[in-house]
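User: I am new to this structure and would like a close look at one part of it rather than a general tour. Please begin with a single residue and its surroundings, and then follow the strands from one to the next.

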Amino acid sequence: MTTNVRSRLLAPILIPIAIVLVMGGFVGGVAALLLYNTKTGALAFAAVAAGGILFAVSLAAGRDRLEARAKVVLSLAAVLPFGLGLGVATGAIGDVPDEERMINVQPLITVPEDAPVLAAENSLEYCLLAADGSCTPTDSWEVVPSAEAETLSFVFENLEPQIPHNVVITTLEGTADAPQAGEVLAESTLISGVSNEYFVAEDVTWDDLPEQWYFFCRVHANMNGIGTVVSG
């Protein structure tokens, strides 16, 4: 009698605690699976786990009573992907370099306020953005090195809908009247349509950039000009 009374008194306390502990363990496991895997690995495990859970639910819903073998299949379908993912996350399976784990991936880049800006609003020439949103066509680009970024970096804005543009920076060959591209120092990604990008050339410092250099669009070679480093 005493045992039954204790059970009735403790059950309302122990059951919620057990549920919380199980949920906490599940959430912690999922967090570990996502954070300590690579991005590709985490997405793959998450997709397989979701498929396993859906399979288990559909199999269970389609039968009034499950045999022992079906229960084993359901358990494996729902739990095995998480187990494999956690095995990789903890290092028990495979060998994932620490720098490639999502927890060690560099955070989203913050664009410095003093980053140089170049834009393209047509396929004829680059332009310089003004504070009022207007863009003045130019074949020259005076750049003040960013004090917040040690390496060559700039913002490129593509203002032309559905047309791809980018910026390639090279050494300056030829003359000022007939400039030509030399050695490629940096090349931003190709932006298709209206968008912008903060480009960072990790291997090129501002000191590596010559006082004068050449820049052009990889898609539209007529879009080009001479860049100049301006101190201060």
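Analyst: Leu76 counts as partly exposed because its relative accessibility is 47%, where partly exposed lies between buried, under 20% relative accessible area, and exposed, over 50%, with a 1.4 Å probe and protein chains only as cover. This is a predicted model, in which local features need pLDDT of at least 70 and side-chain atom pairs count only at pLDDT 80 or more, while totals for chains, interfaces and linings use all residues. Residues are numbered from 1 along each chain as its sequence is written, and side-chain values use heavy atoms, with hydrogens and water left out.

Leu76 belongs to helix H3, which covers residues 68-90 (helices, H or I, of at least four residues and strands, E, of at least two are DSSP runs numbered from the N terminus). Together with Val72, Leu80, Leu84 and Ile93, Leu76 forms a nonpolar patch on the surface, with about 420 Å² of accessible area in total. A patch is built from residues with over 30% relative accessible area and no salt bridge, joining like charges within 9 Å and nonpolar side chains (Val, Leu, Ile, Met, Phe, Trp, Tyr) within 5 Å; a salt bridge is a side-chain nitrogen of Lys or Arg within 4 Å of a carboxyl oxygen of Asp or Glu.

For the setting, the protein chain has three helices and twelve strands, and 31% of its 232 residues are buried. The accessible surface of the chain comes to about 14,600 Å², with 60% of that belonging to carbon and sulfur atoms, as found by the Shrake-Rupley method with a 1.4 Å probe. Of the contacts in the chain between residues at least 6 apart in sequence, 65% join residues at least 24 apart, a contact being heavy atoms within 4.5 Å.

Now to the strands. Five of them make an open sheet with mixed pairing, in the order E4-E12-E11-E7-E8, where two strands pair if DSSP finds at least two bridges between them. Its edge strands are E4 and E8 (179-187), each of which pairs on one side only.

Strand E4, residues 140-143, has a covered face made of Trp141 and Val143 and an uncovered face made of Ser140 and Glu142. In a regular strand, side chains alternate between the two faces of the sheet. E4 runs parallel to strand E12 (residues 224-229), to which four bridges join it, and Val143 in particular has Val229 of E12 as its bridge partner.

From E12 the sheet continues to E11, since the two pair in the antiparallel sense over five bridges, with Phe215 standing opposite Gly225 of E12. E11, residues 212-216, is mostly covered, for four of its five residues are buried. On its way to E7, E11 pairs in the antiparallel sense over four bridges, and here Phe215 of E11 stands opposite Ile169. E7 (residues 168-174) is in turn joined by six bridges to E8, the two running antiparallel, and Val168 stands opposite Glu187 in E8.

Returning to E4, the chain goes on into a loop that holds Ala149 and ends at strand E5 (151-158). Ala149 counts as buried because its relative accessibility is 13%. Apart from neighbours within four places in sequence, Ala149 is in contact with Tyr198 and Trp206, and its C-alpha lies 8.8 Å from that of Val200, although 51 residues separate the two in sequence.

E5 takes part in another open sheet of five strands, with mixed pairing and the order E3-E2-E1-E5-E10. Here the edge strands are E3 (135-138) and E10 (195-205), and each pairs on one side only. E5 and E10 pair in the antiparallel sense over eight bridges, with Ala201 of E10 as the bridge partner of Leu152.

Beyond E5, the loop leading to strand E6 (164-165) contains Gln162. Gln162 has a positive phi of about 65° although it is not a glycine. Most residues other than glycine have a negative phi. Gln162 counts as exposed because its relative accessible area is 74%, whereas Ala149, in the loop between E4 and E5, is buried at 13%.
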